[in-house]
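Biologist: Please take a close look at the backbone of this predicted model. I would like an account of the unusual peptide bonds and phi angles in its loops.

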Amino acid sequence: MDVADFDVGKQLYLGMDFGTSGARYALIDKEGKILAEAKREYPLYMSEETIDWVKSWKMTLFALMEDIPVGLRPAIASISIDGTSGTTIIVDSTTGEPLCRPFLYNESCPEALPIVKAIAPANHTVCSGSSTLCKLVSWWRSSIDSSKTSATLLHQADWLLWLLHGKLGVSDYNNALKVGYDPEVESYPPWLLSQPYSCVLPVVLPPGTTIGTMKESIRSQYGFPKDCVICTGTTDSIAAFLAARANQPGKAVTSLGSTLAIKLLSTSRVEDSRFGVYSHRLDDKWLVGGASNTGGAVLRQIFTDEQLKKLSEKINSAEASPLDYYPLQDIGERFPVADPEMKPRLHPRPASDVEYLHGILESIARIEARNSHNYIWFCFSPFPWLAKGYSLLKELGATPVEEVFTAGGGSKNEKWIQIRERVLGLPVRKALQTEAAYGAALLAMKGATAER
C-alpha cells in the first residue's frame, strides 16, 4: 500500500513466520487487511562445519523488522511469532545464550526414546524420537552438571520473541505440547515434574497472550510505539491453520511447505505417538494432526521452481500415477507413522520428468489421504502404507474431515490441488490467506485486544 494513504489513528498487528528455509512477516489491521508483507531467506552462517542457525534466525528477525515501512511502525500495537514445531534451543537462564546448537524440528534422538517411554504414558506425544522431550533428555545426558543448573528450554518462536521482550523462560502451550505440557489441564504432568530436568522447563501461557512490552533499545532503534506489546506465539502449522480461518469442526488445513503438516479441527482430542498424531488446543476445540517429513523440500532437491511450474502444467491430474514413492529428504518419518529408520523411496525414476513429478506429487497426496472408499482401495492396493493421513485421524476418533484448505507454497500448484482432490475424495481449495505469518498476526491482534 501507499504509506502516505495510511490512517495514522489505526492500530496494526505484526506476525512473523519462521519456517524451515526462510521467514516472512505480515502486517494487518483490525479488519484483517494486509498492509505490508515481505520475506527473507535465511543467510547461512557457518560455525566450524555446521550452519549457525541461531545467528541466522536472529539476523533474519531484525532484517524483517527493517523491511517494515518506517511510516507504519508507530502504529504497530502488538507482535507475535510462529516457529517450526519441535525446534528446540537450550539457553543459559541468565544470558539467553545457547548452551548447544539447536535441535531442529526433524531431528531424532533415538537414544533418549527408551528413557522417555519409561516415564511417559503409553503412546503419549512425547514418545517419539523427534519430540522436544527426547531432545531435552538427550541434551541433559550429554551435558556437564554446571550447565544444567542454569539452563532454560525454549522453542524457536520463544527464543525469537525473547529477543524482543527480554523475559527468559516463556513459551506457549502449542509449542510446549511436545515437551509434555498438558493444555487440557494447563500444567506439566506429575510424571514430568518429578524428573531432574524439569527445572529447565519454561512457563507456559496460551498462544496470543501478552508477555510484556518491547525492549526499549529495540523499540527506539526501529521506531515502534512505547506501548507495543509482545505476545506468545505458536507453531508454523497452527499459524497456517489460523490464517485459513477454518473455524468449524470437520474443516482441515494441509500446509504444503518444505514439509507436510495436516491439522483437523475436532471436538475430540486424539493422540497416539505410534503414528505421530497429536492434538493442539485451540480455545475449546482441538487441532488434531501430525507433521510428515515429506513435502516441498524433496521437490526442491530434484527440480528448480521453473521446472516445477512447466512440468506441472503437462501433468494429467485426472489420471492416477502408478509410481510408488515415499518422498523424504533424509532417513526418518514422523507422520503418519513415527519411524526414525524409514528410508526415502524415489526410485525407479522414469525417463519422463513429467511422469516423475506426477508420481512424487501423487505419493505425497496419498500420505495425506483419508477418504473411506479410498481407504478400502488402499488396503488392497500395491500401496498399503497409504491408508494413513486423514483416514488415520478418523480411525483414531477425530471428527471426520469434510473439507480441506491448502496453505503454504504448495497451494500455488493447481495441478497438485487437483491430484489431491481426486486422491482424498474431498473438496480441496486454497485458503484465502495461506501464509503462517498472517495467522501469527491474528494472534498478535488477539493479544492486543485482550490487553485493552
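Modeller: The answer below takes the cis peptide bonds and then turns to the positive phi angles. In this predicted model, the loop between helix 10 (305–313) and helix 11 (353–368) contains Pro336. The bond that links Phe335 to Pro336 is a cis peptide bond, and its omega is about 15°. Pro348 is likewise placed in the loop between helix 10 and helix 11. Here the cis peptide bond runs from His347 to Pro348, with omega near 5°.

The phi angles concern two other loops. Asn123 is not a glycine, yet its phi is positive, at about 60°. This residue, Asn123, belongs to the loop that connects helix 2 (113–119) with helix 3 (132–142). With a relative accessibility of 30%, Asn123 is classed as partly exposed, because that class covers values between the 20% limit for buried and the 50% limit for exposed.

Glu186, also a residue other than glycine, has a positive phi near 60°. Its position is in the loop between strand 9 (170–172) and helix 6 (190–193). The relative accessible area of Glu186 is 45%, so this residue too counts as partly exposed. To draw these points together, the cis bonds precede Pro336 and Pro348, while the positive phi values are found at Asn123 and Glu186.

How values were computed
Residues numbered from 1 in each chain as written. Predicted model: local features only at pLDDT ≥ 70, side-chain atom pairs only at ≥ 80, totals over all residues. Heavy atoms only, no water. Helix = DSSP H or I, 4+ residues; strand = E, 2+ residues; numbered from the N terminus. Buried < 20%, exposed > 50% of the residue type's maximum accessible area, 1.4 Å probe, protein only.
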